[in-house]
Amino acid sequence: MIYDDYIALQKLLDCNKPRAGVKYALEESFFIRIHHIHEINFAQILLDLKSFDAKLITSTLQQKIDQLHRILACWKLNINTLKLLEFLDKEAFLGFRPSLMGISGMQSSQYLLWVELFYKTADRYNHQAINHPGILSIFQSIHASHNDWLVAHEEVILHFIQNDHGTGDTEGLRYMHEQRNHYDTLWNEILTGLNKVI
Ligand code: HEM
C-alpha cells in the first residue's frame, strides 16, 4: 500500500463538490474545504471527548490532561481554519450564496453533538475525576476557545453578510450572539453546580 491509498486521498478530495457553476467553482470549493477541515477537527474532538469519558476511571490524571489538551488544540486549529475565510472572495461568495439557501453550518450534526456532549452532559462534571482543579481548568480553556471561535465566526458574518438573515433562516448575527450567551450560561451553570471558582 502507498501513502495516497493509506489515507484514501482520492476519496477525500472527491468530497469537494461545488454546486453553483463554473463561474464560482474555485471560491466555492475553497469555502467547502474550510468546512471540511472543521468537520475533520470536530470528528477528532468528539472521538477524544467520548474516549475521555469512557476511560474516566481507568486513565491516569496525566492521560486525562493530555487528552483534553488535544481537544483544546483542535479548537485552536478551528479558530485558525476560520481565518482562512479572510482569503475568500466576498463578491464570489455573494454570487454562490443563493445556491446555499436552506443549507447552514447550524445543521452540522457533529457540532450539535459537541454542544450536547460538552455542555449538556452536566452529570459527568460531578464525577470526582473531572471535579479536579487541573482538569476543570482545561475544560474552562476549551469553553473559552469555543467562545473565541464563535467571536471569530461573528466577525465572518459581519464581513460577508452584515445584518442579513442566515441561509438557515435565523437573524444571523443576532442569533449567533444569543447562542454565545447561551453557551456561557450553560458553562456557568456547570461551575455553579460544582460551586467552584477557577
Ligand atoms: C462566509 C462564511 C460563513 C458565513 C457567512 C456564515 C454564516 C452563518 C450564519 C448567519 C449562521 C446562523 C444560522 C443561519 O441562519 O444560517 C451560522 C451558523 C453556524 N455556522 Fe456559519 N458561516 C460561515 C462559515 C462557517 C464555517 C466555515 C463553519 C464551520 C463549520 C460554520 C459553522 C457554523 C455553525 C456550527 C453554526 C451554528 C453555531 C451555533 O448555533 O452555535 N460557519 N453561520
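The following paragraphs describe the helices of this predicted model and the residues around its ligand. Residues are numbered from 1 along each chain as its sequence is written. Because the model is predicted, local features need pLDDT of at least 70 and side-chain atom pairs count only at pLDDT 80 or more, while totals for chains, interfaces and linings use all residues.

The protein chain contains 8 helices and 0 strands; helices (H or I, at least four residues) and strands (E, at least two) are DSSP runs, numbered from the N terminus. The C-alpha trace spans about 55 × 50 × 25 Å along its principal axes. Of the 198 residues, 11% are buried, that is, 20 or more other C-beta atoms, placed from the backbone, lie within 10 Å of their own.

Helix 3 (25-54) has 30 residues and reaches 43 Å from its first C-alpha to its last, close to the 44 Å expected at 1.5 Å a residue; the expected span is 1.5 Å times one less than the number of residues. Its buried residues are Glu27, Glu28, Phe31, His38, Phe42, Ile45 and Phe52. Among the elements covering these residues are helix 4, helix 5 (90-96) and helix 6 (109-119).

Helix 7 (133-161) packs against two partners described here. The axes of helix 4 (residues 61-83) and helix 7 come within 9 Å and cross at roughly 10°; axes are lines fitted to C-alpha atoms, for helices over the stretch in contact, and angles run from 0 to 180 degrees between N-to-C directions. Helix 4 and helix 7 are therefore roughly parallel, a term for angles under 35 degrees. Their contact has 15 nonpolar, 7 polar and 3 charged residues. Here Ala, Val, Leu, Ile, Met, Phe, Trp, Tyr, Cys and Pro count as nonpolar, Asp, Glu, Lys and Arg as charged, and the others, Gly among them, as polar.

Helix 7 and helix 8 pack at about 175°, with axes 10 Å apart, which makes them roughly antiparallel (over 145 degrees). Residues in this contact (C-beta atoms, placed from the backbone, within 7 Å) include His143, His146 and His153 of helix 7 and His177, Arg180 and Trp187 of helix 8.

The ligand is surrounded by 25 residues, of which Ser104, Gly105, Gly166, Gly168 and Thr170 come nearest; a residue is near a molecule if its C-beta atom, placed from the backbone, lies within 6 Å of it. Helix 3, helix 7 and helix 8 (173-194) each supply at least two residues of this shell, and the largest share, 5 residues, comes from helix 7. By class, the shell holds 12 nonpolar, 12 polar and 1 charged.

Note on methods: Parallel < 35°, antiparallel > 145°, perpendicular 65-115°, else oblique. Contact = placed C-beta atoms within 7 Å. Buried ≥ 20, exposed ≤ 12 C-beta atoms within 10 Å, placed from the backbone.
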